[in-house]
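Student: I would like a close look at a single part of this model. Pick one residue, place it, and then work outwards to the rest of the chain.

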Amino acid sequence: MPSHLALLSCLLVLVLSLDKFLLHYLKRRWHSGGSIIPRIPTSPFNFKSHPRPMSAAGKWSETAMLVIDMQKDFVDPAMASPMLVAGGEAVIPTVAEAVAVARERGILVVWVVREHDPSGRDVELFRRHFYSGGKGPTVKGLKGAELADGLVIKEGDYKLVKTRFSAFFATHLDSVLKTLGIKNLVIVGVQTPNCIRQTVFDAVELDYEKVTVLIDATAAARPDIHLSNIRDMKTIGVETPTLEEWRR
């Protein structure tokens, strides 16, 4: 019995000592302005400033590639067409590669082509003399209106027919792109001073957020004409990378 009393006495002394220690600690925290409740450390990671990375498809889901006028009458010398663009044949492989990259990224590919009435009544006035006897450049159904060898429209792509320089003039292209949530455009094809330039300027005026022209996947009759027009487009905020730069 005495041993039990001695044990209880020791426990009582320990409890009283601990109580005095806690009371002294809390008074010091109170008078120093500190919080009585200990703080739980928070993570420095900010989800707003560090968004979750987007998938490759998600990153490019608001982008479309316009492939302009890559038809045999424009780029194949064998057609002997009056509309042949001298620099067009050389960019066919680069255009094909750009399209492949676009598809890998989940980018919508839009094939913009000319398909004219055999009479030529739907072409620009200054070109109508090229049409007679049901023949002329890029007449619908004729070989010259076909895409260049190696370029193929696949399932999921979109084909748009135009009859003027700009892909947006008198077409439903803007409506289609805006309906699909497209905000950015990448443009390849021919030729730089006409259909490329007109389409680019219209795209800028229609408030597409980012317009990009791949300078080695577009062409004109001469390199100096091509580069001169590229410089003009850069002055209105158009990005002009090479294919290799764009694919990084």
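Tutor: Start with glutamine 71. Its relative accessibility is 0%. The cut-off for buried is under 20%, so glutamine 71 counts as buried. Keep in mind that this is a predicted model.

Now place the residue. Glutamine 71 sits in a loop. Strand 1 (63–68) lies on one side of that loop in sequence, and helix 3 (72–75) on the other.

Next, the neighbours. Leave out residues up to four places away in sequence, and glutamine 71 still touches Val113, Arg114 and Thr138. It also touches Gly144, Ala145, Glu146, Leu147 and Ala148.

Step back to the whole chain. Of its 248 residues, 38% count as buried. Take the contacts with a separation of 6 or more: 75% of them join residues 24 or more positions apart. The accessible surface of the chain comes to about 15,000 Å². Carbon and sulfur atoms hold 60% of that surface.

Then the layout. There are eight helices and five strands in the chain. Read from the N terminus, the order is α-α-β-α-α-β-β-α-β-α-β-α-α.

Look at one stretch of that order. Strand 4 (residues 184–190) and strand 5 run parallel, joined by six bridges. Within this pairing, glycine 189 stands opposite threonine 218 of strand 5. Helix 6 (residues 192–205) joins the two strands in a β-α-β unit, and the unit is right-handed. Strand 5 (residues 210–219) is mostly covered, with seven of its 10 residues buried.

Both strands also help to line a pocket. This is the largest pocket, with a volume of about 250 Å³. Its lining has 17 residues. Nearest the centre lie Trp60, Thr63, Lys210, Thr212 and Trp246. Four elements give two or more residues each to this lining: helix 2 (56–59), strand 4, strand 5 and helix 8 (243–247). Strand 4 gives the most, with three residues.

To recap, glutamine 71 is a loop residue with 0% relative accessibility. Its contacts beyond four places in sequence run from Val113 to Ala148 in the list above. For the pocket, go instead to Trp60, Thr63, Lys210, Thr212 and Trp246, which lie nearest its centre.

How values were computed: Residues are numbered from 1 along each chain as its sequence is written. This is a predicted model: local features need pLDDT of at least 70, side-chain atom pairs count only at pLDDT 80 or more; totals for chains, interfaces and linings use all residues. Side-chain values use heavy atoms; hydrogens and water are left out. Buried means under 20% relative accessible area, exposed over 50%, partly exposed in between (1.4 Å probe, protein chains only). Two strands pair if DSSP finds at least two bridges between them. A crossover is right-handed if, with the strands pointing away from the viewer, the path from the first strand over the helix to the second runs clockwise. Contact means heavy atoms within 4.5 Å. Accessible areas come from the Shrake-Rupley method with a 1.4 Å probe; for residues, only the protein chains shown count as cover. On a 1 Å grid over the protein atoms alone, a cavity is a set of points where a 1.4 Å probe fits but cannot get out, and a pocket is an open set with protein on both sides within 12 Å along at least five of seven lines; lining residues have an atom within 4 Å of a point. Grid points are joined across faces, edges and corners, and a volume is the space filled by probe spheres set on the points.
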